[in-house]
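User: Please take a close look at one part of the structure shown below. I would then like to see how its surroundings fit into the rest of the chain.

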Amino acid sequence: MRSRLLARTRRIFGLDVAPEHTVAILHGDEPEAPGLNARELVALRNIRWFGATGSVLMAMGALGAGAQPVLQNPVYGIRVLSLPSRMLTTALTMTMTGTVMVVLAWLLLGRFAIGTTGADAPPRRLSRSQLDRTLLLWIIPLAVAPPMFSRDVYSYLAQSEIAARGMDPYAIGPGPALGVDHVLTRTVPTIWRDTPAPYGPLFLWMGKGISLLTGDNIVVGIFLHRLLALAGVAMIVWALPRLARRCGVASVSALWLGAANPLLLFHLVSGVHNEALMLGLMLAGFEIALRAVESTQPIAGRQMWYLVAGTGLMALSTTIKITSIVSLGFLGMALARRWGRSLRSLAMSAALLGVISAAVIFTVSEVSGLGFGWIHTLGTANAVRSWMSLPTSIGIITGFGGVLLGLGDHTTAVLNLTRPIAALVAAFIGLRMLIATYTGRLHAVGALGVGLGAMVLLFPVVQPWYLLWAVIPLAAWATRPAFRIPTIAFSSLVSVILMPNGAEFKPFTIVQASIATVIVCGTLILATRNRLPWRVDAGAETADAARGAYAESS
């Protein structure tokens, strides 16, 4: 009886489960491949410019349909630049059309990133430099455009101003601290005007510096916050292909699914979310630390510096948003496995990483002058009921069903039940992934991605950009269609259904813009049917004519 109970317990926690019966089946080695042929290079050029055109349309439409500030709108009153704000349906159509074009271009690019094959030929992929140039071309228009898809950057500015004035942003919200008529408070979403900051001290410390430089200038403040986001994106682009190579995955396919994902372009670059900095620091630190953990040399000297520096960067990411703290657990398990898979190695790993992380977090909290009040405001976002959150959706649907049946609205009571259950399930999945890392059944990068994925799906609040917490690390590990196809489909769907102003337009305006977008995009597809690879054999007749000229430029 005892042996059966022990065996069942070991199986539940994944201690004796074969890899082919777990999420390990999502991974398969994906070797690097030769470059594209001449015909595919022409198609790549056309895809690149199709996506860039969409990005420019988004930037232009954002002048009227984006998340513009209530005050200090820099284009207000300018004869040409303010035109989109006076033609809202047209501006929304431009933004929606551009959004669809970027998503379509990303999907077409995927054929050359994941790999194309011919009869009796090896798979072919675009080169890293070709993907980098494409990504840069798509990012630049969004980097100079007004914010889109979210108004969180205005909360960043207001909370940073509170810190700059010497008040505690973890104890008071923008409304009470600055006044509801203050220029920085006016554009903060109403739901967040009276709530304290839920972000870590490093982020608000940097925001405090921005506020001291810019004062009440909203435009310059947004630009500097976007530079922080772009720095985070740069770290993602640096770390992701290196992590992919550690997992035996093609660096270009990982970059395409992770860094070129429309969710990243639209929400981290255009939306200016601090997830860019959090993910960038976390992944860069993970890569540097793994240089020591996966090295064949003893962890001493340079290898120890790699471990300390990587752990320090990962700890810094937790002072942007606390979510990334889970990554330290997966690094710790990988380190314990390196040191011999024993209780002693677990204790040594936990002690070393714990001391480094605690020192970094304590130093940032104290030196910034913001203290540890951020620990008490981590649940601020739970005020939102997100349809993308599984436990929240179940609670809302159940409560609505109770109303229909005449039993009353018990939504809050059901949420108080579903959310703790979901948290326990997420914790259990995370524990299994930690054990899988410790036993060597999963690579630490893949286990981290699965653990974060469970956290995201079972979180009380899920915003579209939260999906990147899991998608980006998993892009470096998971290669099977069972992961890639749903991820591609969901990323595309979520990217095109959200409104660019970070709120909602009037239904009639949305309907008009949607119809116009469908017509315009359908016309574009017909017009480019011989230039873009909408079909596998598309463009074969026209490619040969431009082959020589483009081969030299690429």
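Analyst: In helix 14, the residues Ser-327, Leu-328, Phe-330, Leu-331, Gly-332, Met-333, Ala-334, Leu-335 and Ala-336 are buried. Here buried means under 20% relative accessible area, exposed means over 50%, and partly exposed lies in between (1.4 Å probe, protein chains only). Helices are DSSP runs (H or I, at least four residues) and strands are E runs of at least two, numbered from the N terminus. The model is predicted, so local features need pLDDT of at least 70 and side-chain atom pairs count only at pLDDT 80 or more, while totals for chains, interfaces and linings use all residues. Residues are numbered from 1 along each chain as its sequence is written, and side-chain values use heavy atoms, with hydrogens and water left out.

The 13 residues of helix 14 should span 18 Å at 1.5 Å a residue, and the end C-alpha atoms are 19 Å apart, which agrees. The expected span is 1.5 Å times one less than the number of residues. An α-helix has 3.6 residues a turn, so residues three or four places apart point the same way. Just after helix 14, Gly-340 adopts a positive phi of about 125°.

On the other side of helix 14, a salt bridge (a side-chain nitrogen of Lys or Arg within 4 Å of a carboxyl oxygen of Asp or Glu) joins the side chains of Glu-275 and Lys-321, at 2.6 Å from N to O. This pair links distant parts of the chain: Lys-321 is in the loop between helix 13 (302-318) and helix 14 (326-338), Glu-275 is in helix 12, and the two are 46 residues apart. Glu-275 is buried, its relative accessible area being 1%; Lys-321, at 12%, also counts as buried. Elsewhere, salt bridges with shared partners connect Arg-246, Glu-287, Arg-291 and Glu-294 into one network.

Within that network, the side chains of Arg-246 and Glu-287 form a salt bridge at 2.8 Å, N to O. Arg-246 belongs to helix 9 (residues 218-246) and Glu-287 to helix 12 (residues 275-293), so the pair ties together parts that are 41 residues apart in sequence. Arg-246 counts as partly exposed at 26% relative accessibility, whereas Glu-287 counts as buried at 3%.

The loop between helix 11 (262-270) and helix 12 holds Val-272. This residue has a positive phi of about 55° although it is not a glycine, and it counts as buried at 2% relative accessibility. Val-272 also lines the largest cavity, together with Tyr-156, Phe-203, His-225, Leu-228, Ala-229, His-273, Asn-274 and Leu-277. On a 1 Å grid over the protein atoms alone, a cavity is a set of points where a 1.4 Å probe fits but cannot get out, a pocket is an open set with protein on both sides within 12 Å along at least five of seven lines, and lining residues have an atom within 4 Å of a point. Points are joined across faces, edges and corners, and a volume is the space filled by probe spheres set on them. The search of the whole structure finds one cavity of 30 Å³ or more, and the largest cavity has a volume of about 50 Å³. Helix 9 contributes most to its lining, with three residues.

Another positive phi in a residue that is not a glycine, about 70°, occurs at Phe-149. Phe-149 sits in the loop between helix 5 (128-144) and helix 6 (152-164) and counts as buried at 7% relative accessibility.

Turning to helix 20, Arg-484 and Glu-30 meet through their side chains in a salt bridge at 2.9 Å, N to O. Glu-30 lies in the loop between helix 1 (2-12) and helix 2 (38-65), and Arg-484 in helix 20, so the pair ties together parts that are 454 residues apart in sequence. Both Glu-30 and Arg-484 are buried. The count of salt bridges in the model comes to nine.

The second largest pocket encloses about 570 Å³ of space. Of its 25 lining residues, Gly-453, Leu-457, Leu-467, Ala-470 and Thr-487 are the closest to the centre. Helix 20 is among the elements that give two or more residues to this lining, along with helix 16 (390-404), helix 18 (444-458) and helix 19 (467-475).
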